[in-house]
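Me: I am new to this structure and should like to be guided through it by questions and answers. Please begin once the sequence and the model are in view.

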Amino acid sequence: MAYYFYLGDMQLPVPPPKMDIKIGNQNRTVNLIDGGEINIIKSPGLKTIRFNALLPNKVYPFADYAQSLTGIAVSAFLGNGFSYQPAENFITAFQTAKEMRTPVRLIITRLTADFSLLFDTNLLVTVEDCTMQEDAKQGNDVILPLTLKEYRPYGTKEVEITTDENGVQHATVKETRQTDKTVPAVWTCTKEKSVLEAVKLASGGSLNWRQVANINGLYNPSASLKNGQVLHLE
């Protein structure tokens, strides 16, 4: 099985060996007069994601920085040195997201050995805890335990008041689509990319790459899009 972890604009070079995704609980237990209890069921709370990220400070054959399925094949031929990033780059990006109070997109793609998609996770998250761990056993590498929490966009809604021919007023709530990135109708590749990477870059992770692939008649997730090729997103 192959895992690919994307957080914001970065791919984690080494997928975490394990991860916890906890769905928050908002149910409330109430005591009755007769001494019994009932459970008031409410909507699920926010998801909390925890894992330890290994951030290498040297080039390893198992570390992938290419950010695409196509890049994996390129890395196997050229080695990962051409796209290597030190641990400091990742740590700075996570700390910046925390300090700037900015949600980032978390995408976890799970593939079989033949690149068949099992299922994926696609959430807007905030960086809750980010603790750098250094251990002599790890050499110069850094372990970064991360705690992420699901982020749900919120805000005020605009109400439009109209009056019909009978003088009766009606209030209509204007629905606005909240997203972390404006998604164009079409997107043109500037260099060769896989379908998965192209959809991620074009939509900021807000679109399901499988649906976009079907729209464009691309049924192989490792298929390459050429420079100048147009991808229809809707």
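The questions below proceed from the whole chain to its sheet, its cores and some single residues.

Me: How many helices and strands does the chain have?
Reply: The model is a predicted one. Of the 234 residues of the chain, 34% count as buried. As for its secondary structure, the chain has four helices and 15 strands.

Me: Among contacts between residues at least 6 apart in sequence, what share joins residues at least 24 apart?
Reply: The count concerns contacts in the chain between residues at least 6 apart in sequence. Those that join residues at least 24 apart make up 60%.

Me: Which strands stand at the edges of the open sheet of seven strands?
Reply: The sheet has antiparallel pairing and the order E2-E1-E7-E8-E9-E6-E3. A strand at the edge has a single partner strand, so one side of it is left without a neighbour in the sheet. The strands in this position are E2 (10-11) and E3 (19-23).

Me: Is E3 largely in the open or largely enclosed?
Reply: E3 is joined to E6 by five bridges, and the two run antiparallel. One of the paired positions is Met19, whose bridge partner in E6 is Phe51. Of the five residues of E3, the number buried is zero, so E3 lies largely in the open.

Me: Is E1 largely enclosed or largely in the open?
Reply: E1 pairs with E7 in the antiparallel sense over six bridges, with Tyr4 having Thr109 as its bridge partner in E7. E1 is also joined to E2 by two bridges, where Tyr6 stands opposite Gln11. Five of the six residues of E1 are buried, so the rest of the structure leaves E1 largely enclosed.

Me: Which residue in the turn of the hairpin formed by E1 and E2 has a positive phi?
Reply: The hairpin has two residues between E1 and E2. In this turn, a positive phi of about 70° belongs to Gly8.

Me: Which residue in E9 stands opposite Leu54?
Reply: Strand E6 covers residues 47-55 and strand E9 covers residues 142-150. Eight bridges join E6 to E9, and they run antiparallel. The residue in E9 that stands opposite Leu54 is Ile143.

Me: Which element gives the most residues to the largest nonpolar core?
Reply: In soluble globular proteins, nonpolar side chains tend to be buried together. Here the largest nonpolar core has 27 residues, and those with the most contacts inside it include Leu7, Phe51 and Val125. The elements that give two or more residues to this core are E1, E6, helix H2 (87-99), E7, E8 and E9. With five residues, the element that gives the most is H2.

Me: How many residues does the second, separate core have?
Reply: Trp187, Cys189, Ala202 and Leu233 are included in this separate core. Its number of residues is twelve.

Me: Is Pro103 buried, partly exposed or exposed?
Reply: Pro103 is found in the loop between H2 and E7. Leaving aside neighbours within four places in sequence, Pro103 is in contact with Leu124, Val125, Thr126 and Tyr151. Its relative accessibility is 27%, and because buried means under 20% and exposed means over 50%, Pro103 counts as partly exposed.

Me: What distance separates the C-alpha atoms of Pro103 and Glu150?
Reply: Glu150 lies in strand E9. Along the chain, Pro103 and Glu150 are 47 residues apart. Their C-alpha atoms are separated by 8.8 Å.

Me: Which residue forms a salt bridge with Glu150?
Reply: Side chains of opposite charge can pair when their charged atoms come close. At 12% relative accessibility, Glu150 counts as buried, whereas its partner is partly exposed, with a relative accessible area of 41%. The closest N and O atoms of the pair are 3.5 Å apart, and the partner of Glu150 is Arg152.

Me: Which residues make the nonpolar surface patch of about 240 Å²?
Reply: One member of the patch has its place in strand E11 (residues 169-174). At 38% relative accessibility, this member, Val173, counts as partly exposed. The patch of about 240 Å² is made by Val159, Ile161 and Val173.

Key:
Residues are numbered from 1 along each chain as its sequence is written. This is a predicted model: local features need pLDDT of at least 70, side-chain atom pairs count only at pLDDT 80 or more; totals for chains, interfaces and linings use all residues. Side-chain values use heavy atoms; hydrogens and water are left out. Two strands pair if DSSP finds at least two bridges between them. A nonpolar core is a set of buried Ala, Val, Leu, Ile, Met, Phe, Trp, Tyr and Cys residues joined through side-chain atoms within 4.5 Å. Buried means under 20% relative accessible area, exposed over 50%, partly exposed in between (1.4 Å probe, protein chains only). A salt bridge is a side-chain nitrogen of Lys or Arg within 4 Å of a carboxyl oxygen of Asp or Glu. Patches are made of residues with over 30% relative accessible area and no salt bridge: like charges are joined within 9 Å, nonpolar side chains (Val, Leu, Ile, Met, Phe, Trp, Tyr) within 5 Å. Accessible areas come from the Shrake-Rupley method with a 1.4 Å probe; for residues, only the protein chains shown count as cover. Contact means heavy atoms within 4.5 Å.
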